[in-house]
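Q: Could you walk me through this model, beginning with one of the metal sites?

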Amino acid sequence: MGNHNLTVADVDNDGKDEIIYGSMCVDDNEQGLYTTGFRHGDAIHVSDLDLDIPGLEVFGIHEIENGTTGPGVTLFSAKDGKVLFTGSLNEDVGRGVADNIDPTRKGAQCWWSGSPYLHDMKGNNIGKAPSSTNFLIYWDGDTSRELLNSNYIDKYNYGRLFTAEGAVSNNGTKSTPALSADILGDWREELILRSEDNKELRIYSTTIPTNVRQYTLMHDPQYRLSIAWQNVGYNQPPHTSFYMGAAMESAPKPNIVLVKFKDN
Ligand SMILES: [Ca+2]
Ligand SMILES: [Ca+2]
Ligand SMILES: [Ca+2]
Ligand SMILES: [Ca+2]
């Protein structure tokens with residue numbers, strides 16, 4: 001599938017999922033919903049990133065391929081492709097991330113390779129870029145997300161929270177975990193890595209207490225599907241269908257039912 005990140009999300013909130021793949025969005029009826037026309041993409045992040053705008057947004061980066069021009073960074077509305085901001089015009093941007101990582105700010109922040117700044121979702125510079133531009137994980141007690149890179153977890157503007165001694169990540173400088181997902185216990189995410197000698201698959205879980213009580217992230221269908229595409233597609237951090245982060249509202253009650261099987 002090349003190095004485009006594929007995401008599945010219900011962008012128009014009708015209970016059926018669309019597929020966002022690079023510059024293309026495919027509707028649940030298999031027809032094209034829209035295309036942004038932007039050049040070769042890489043990582044995309046889909047969630048309620050800008051709380052001033054209803055619904056989900058898509059943040060992504062764009063690389064130079066065969067001399068193409070255009071923005072290196074874009075944010076657009078997931079339901080119709082309306083462009084909300086662009087940055088790094090005609091630059092080759094290889095990495096980029098968007099999520100709420102600053103617990104003092106509401107809504108997501110974004111950052112990308114080639115820019116030394118952390119940005120708000122309007123594109124304004126609001127601080128220095130984090131130490132890594134790779135993965136994300138809910139690890140400490142607050143609902144802002146921490147930075148996962150290689151075998152360690154940092155908190156923005158704070159420092160190191162955890163190092164998985166003797167364990168390693170995959171895919172060179174992309175430093176992807178075997179998997180990161182909320183698979184056990186409460187809503188915080190577990191970190192799954194291989195040991196240096198490849199004899200163990202280790203599952204690390206946070207030991208930090210939290211006062212936040214909410215449904216597990218796997219109760220959210222967009223997040224749950226994110227774990228599937230993280231495993232089988234381009235390995236990038238999963239996101240929920242609702243805003244998770246500083247000053248969030250209570251997580252929505254999951255709209256799921258247990259299917260009963262008929263007794264024979
Ligand atoms: Ca839909
Ligand atoms: Ca939004
Ligand atoms: Ca946190
Ligand atoms: Ca968990």
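Q: What makes the arrangement around the calcium ion (ligand 3) irregular?
A: In this predicted model, the 6 donor atoms around the calcium ion (ligand 3) subtend angles of 51 to 167 degrees, so the arrangement is irregular. Four donors count as tetrahedral if all angles lie between 85 and 135 degrees; four count as square planar and six as octahedral if opposite donors are over 155 degrees apart and all others between 65 and 115, and anything else is irregular. For reference, ideal angles are 109.5 degrees for four tetrahedral donors, and 90 or 180 degrees for six octahedral ones.

Q: Which atoms coordinate the calcium ion (ligand 3)?
A: The coordinating atoms are Asp140 (OD), Asp142 (O), Asp142 (OD), Ser144 (O), Glu146 (OE) and Glu146 (OE), at 2.2 to 2.7 Å, and the donor residues are spaced D-x1-D-x1-S-x1-E in sequence. Donors here are N, O and S atoms within 2.8 Å of the metal (3.2 Å for Na, K and Ca), and water is not among the atoms, so sites may look incomplete.

Q: Ser144 and Asp142, buried or partly exposed?
A: Ser144 counts as buried because its relative accessibility is 2%, whereas Asp142 is partly exposed, with a relative accessible area of 24%. Buried means under 20% relative accessible area, exposed over 50%, and partly exposed in between, with a 1.4 Å probe and protein chains only.

Q: Before going on, what conventions apply to numbering and filtering?
A: Residues are numbered from 1 along each chain as its sequence is written, while chains are lettered from A and ligands numbered from 1 in the order in which they are written. Local features need pLDDT of at least 70, side-chain atom pairs count only at pLDDT 80 or more, totals for chains, interfaces and linings use all residues, and side-chain values use heavy atoms, with hydrogens and water left out.

Q: OK, what are the protein donors of the calcium ion (ligand 1)?
A: They are Asp10 (OD), Asp12 (OD), Asp14 (OD), Lys16 (O), Glu18 (OE) and Glu18 (OE), lying 2.1 to 2.6 Å from the ion, with the spacing D-x1-D-x1-D-x1-K-x1-E along the chain. The site of the calcium ion (ligand 1) is irregular, with angles of 52 to 178 degrees among its 6 donor atoms. Of these residues, Glu18 is buried at 0% relative accessibility, and Asp14 is partly exposed at 38%.

Q: Anything about the backbone at Asn13?
A: Asn13 is not a glycine, and its phi is positive, near 55 degrees. The residue lies in the loop between E1 and strand E2 (18-21) and counts as exposed at 70% relative accessibility. Asn198 also has a positive phi, of about 65 degrees, although not a glycine; that residue is found in the loop between strand E19 (190-195) and strand E20 (201-204) and is exposed at 53%. As background, most residues other than glycine have a negative phi.

Q: And which protein donors does the calcium ion (ligand 2) have?
A: Its donors are Asp48 (OD), Asp50 (O), Ile53 (O), Gly55 (O), Glu57 (OE) and Glu57 (OE), lying 2.2 to 2.6 Å away, and they follow the spacing D-x1-D-x2-I-x1-G-x1-E along the chain. The 6 donor atoms subtend angles of 52 to 174 degrees, which makes this arrangement irregular. Ile53 is partly exposed at 22% relative accessibility, and Gly55 is partly exposed at 41%.

Q: Changing topic, how many helices and strands are there in the protein?
A: There are 1 helix and 20 strands, where helices (H or I, at least four residues) and strands (E, at least two) are DSSP runs numbered from the N terminus.

Q: Which residues of H1 are buried, and what do they pack against?
A: Gln222, Tyr223, Ser226, Ile227, Trp229 and Gln230 are buried in H1, and the buried residues of the helix pack against strand E1 (6-9), strand E5 (41-47), strand E13 (135-137) and strand E18 (179-181), with contact meaning heavy atoms within 4.5 Å.

Q: How much of the protein is buried overall?
A: Buried residues make up 52% of the 264 residues, and the C-alpha atoms fill a box of roughly 50 × 50 × 35 Å along the principal axes.
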